[in-house]
Amino acid sequence: MNSPQSKKVGRPTKHHDEARDALIKAATDKFVKKPYDKVSIRELADYAGVNSALIKYYFENKEGLYKAMILEVTGRVMANIQAHLSGDEFTSISEVFRSFTQVMKQSPEFPLLMLKEVILNQGVCREFFLQQIGNSHVKVIDSVYRHFAKLGKIKPNVDPLLFRISLMSMMIYPWYLRELMHKMEGVEYDDAFLSALVEHNTLLMTSGLFQSSEEQ
C-alpha cells in the first residue's frame, strides 16, 4: 500500500478534468476583475477549491494558467464567431450585429480580457493574445465585407479596410463600456438594450456605408 508520501505532490488522483476546469474558471473570474500581478496562486487555488500544487501540475506556473485561460476563452469566442458569421447566409447587416451580440452574451469576459491585454496592456501576454484572435477575427470580418460587397449592398467608394475597422468598432466597443455605462447611466445590457443597440448600429451602417435599395 502506498504511503501518502509516495504520491507525487499535487498530482490529481481523480476528477482530472474537473480540477483543471475549475482552475480555468478561477483564472477567468479573477484576472478579469484584478490586474495580473494582484492575483496570487493561492487565491486562484482557493477560489477553484483545489490544491495550489495543481497549478504547477497542469500549467507549470501562474503565467501558464493565464495563457491556458486566454486560449480557452478566445478559442470558444472565435469558434462561436466563425459559426455565426461565416458563410453566405446573411441578407442584412443587422443579422451580423445580432449574431455577434449573442456570442458576447455567452462570453462577457472576452471583451474585458481583450481590453486589458490589447488596449491597456495590463496583462503579461499581449502578443500571445493578439496571435490567438488576430487571424481568425480578421478573416471573419473580411468575409462579412466580401459577402455584402458581392451582393452589391456596399457603396462602391467604401474602403474595405475602413469598413472592417468600422464594423469591428461597432461590434466590440460597446462591450468595453459595459461597466462604465452601468455606473454612469444605469444601463443594463439586457435583451431590450442589446436589441436597441443592434437596431442603432444597423441604422448607422446602412445609412453611411450601404447603398439604398434604389441604388442596388
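This text walks through the structure, from the overall fold to single side chains and empty spaces. The model is a predicted one.

Start with the whole chain. The secondary structure comes to 10 helices and 0 strands. Read from the N terminus, the elements run α-α-α-α-α-α-α-α-α-α. The chain has 216 residues, and 43% of them count as buried. Now look at the contacts between residues with a separation of 6 or more. Of these, 68% join residues 24 or more positions apart.

Next, take the helices one at a time. Helix H1 covers residues 16–33, and Thr28 is found in it. Is Thr28 buried or exposed? Its relative accessibility is 9%, so Thr28 counts as buried; the cut-off for buried is under 20%. Which residues does Thr28 touch? Leaving aside residues up to four places away in sequence, Thr28 touches Met69, Val73 and Glu109.

Helix H2 spans residues 41–48. Glu43, Leu44, Ala45 and Ala48 are buried there. Just after H2 comes Gly49, with a positive phi of about 75 degrees.

Compare helix H9, residues 178–185. H9 is hardly covered. Among its 8 residues, the count of buried ones is 0. A glycine follows here too: Gly186, just after H9, takes a positive phi of about 70 degrees.

Now turn to the rings. The structure holds 11 aromatic pairs. One of them joins Phe163 and Phe210. The two ring centres are 6.3 Å apart, and the planes make an angle of 40 degrees, a tilted arrangement. This pair links distant parts of the chain. Phe163 is in helix H8, while Phe210 lies in the segment after H10, 47 residues apart from Phe163. Both Phe163 and Phe210 are buried.

A second pair is formed by Tyr173 and Tyr176. Its geometry is edge-to-face, with 6.0 Å centre to centre and 80 degrees between the planes. How far apart are Tyr173 and Tyr176 in helix H8? They are 3 residues apart, so about one helical turn separates them. The general rule helps here. An α-helix has 3.6 residues a turn, so residues three or four places apart point the same way. The partners have different labels for burial, because Tyr173 is partly exposed at 46% relative accessibility, whereas Tyr176 is buried at 14%.

Rings can also join into groups. Ring pairs link Tyr145, Phe148, Phe163 and Phe210 into a cluster. Phe163 and Phe210 are thus met again, this time as members of that cluster.

A ring can also meet a charge. The charged end of Lys62 sits over the ring of Tyr36. The distance from that charged end to the ring centre is 4.2 Å.

Last come the empty spaces. Rolling a probe the size of a water molecule over the atoms shows where empty space is left. How many cavities of 30 Å³ or more are there? The count is 2. The largest cavity has a volume of about 60 Å³.

Which residues line the largest cavity? They are Phe97, Phe100, Thr101, Met170, Met171, Pro174, Trp175, Leu197, Val198 and Asn201. Helix H5 (93–106), helix H8 (160–176) and helix H10 (191–208) each give two or more residues to this lining. H8 gives the most, with 4 residues. Sorted by character, the lining has 8 nonpolar residues, 2 polar ones and no charged ones.

A pocket, unlike a cavity, is open. The second largest pocket has a volume of about 200 Å³. Its lining is made of Val32, Lys33, Pro108, Glu109, Pro111, Leu112, Trp175, Arg178 and Glu179. Two names here are already familiar. Glu109 is one of the residues that Thr28 touches, and Trp175 also lines the largest cavity. At least two lining residues come from each of H1, helix H6 (109–119) and H9. H6 has the largest share, 3 residues. What is the character of the lining of the second largest pocket? The residues divide into 5 nonpolar, no polar and 4 charged.

Methods. Residues are numbered from 1 along each chain as its sequence is written. Side-chain values use heavy atoms; hydrogens and water are left out. On a 1 Å grid over the protein atoms alone, a cavity is a set of points where a 1.4 Å probe fits but cannot get out, and a pocket is an open set with protein on both sides within 12 Å along at least five of seven lines; lining residues have an atom within 4 Å of a point. Grid points are joined across faces, edges and corners, and a volume is the space filled by probe spheres set on the points. Ala, Val, Leu, Ile, Met, Phe, Trp, Tyr, Cys and Pro count as nonpolar, Asp, Glu, Lys and Arg as charged, and the others, Gly among them, as polar. Buried means under 20% relative accessible area, exposed over 50%, partly exposed in between (1.4 Å probe, protein chains only). Contact means heavy atoms within 4.5 Å. Rings of Phe, Tyr and Trp (its six-membered ring) pair if their centres lie within 6.5 Å; planes under 30 degrees apart count as stacked, over 60 as edge-to-face and the rest as tilted. A charge sits over a ring if NZ of Lys or CZ of Arg is within 6 Å of the ring centre and within 35 degrees of the ring normal.
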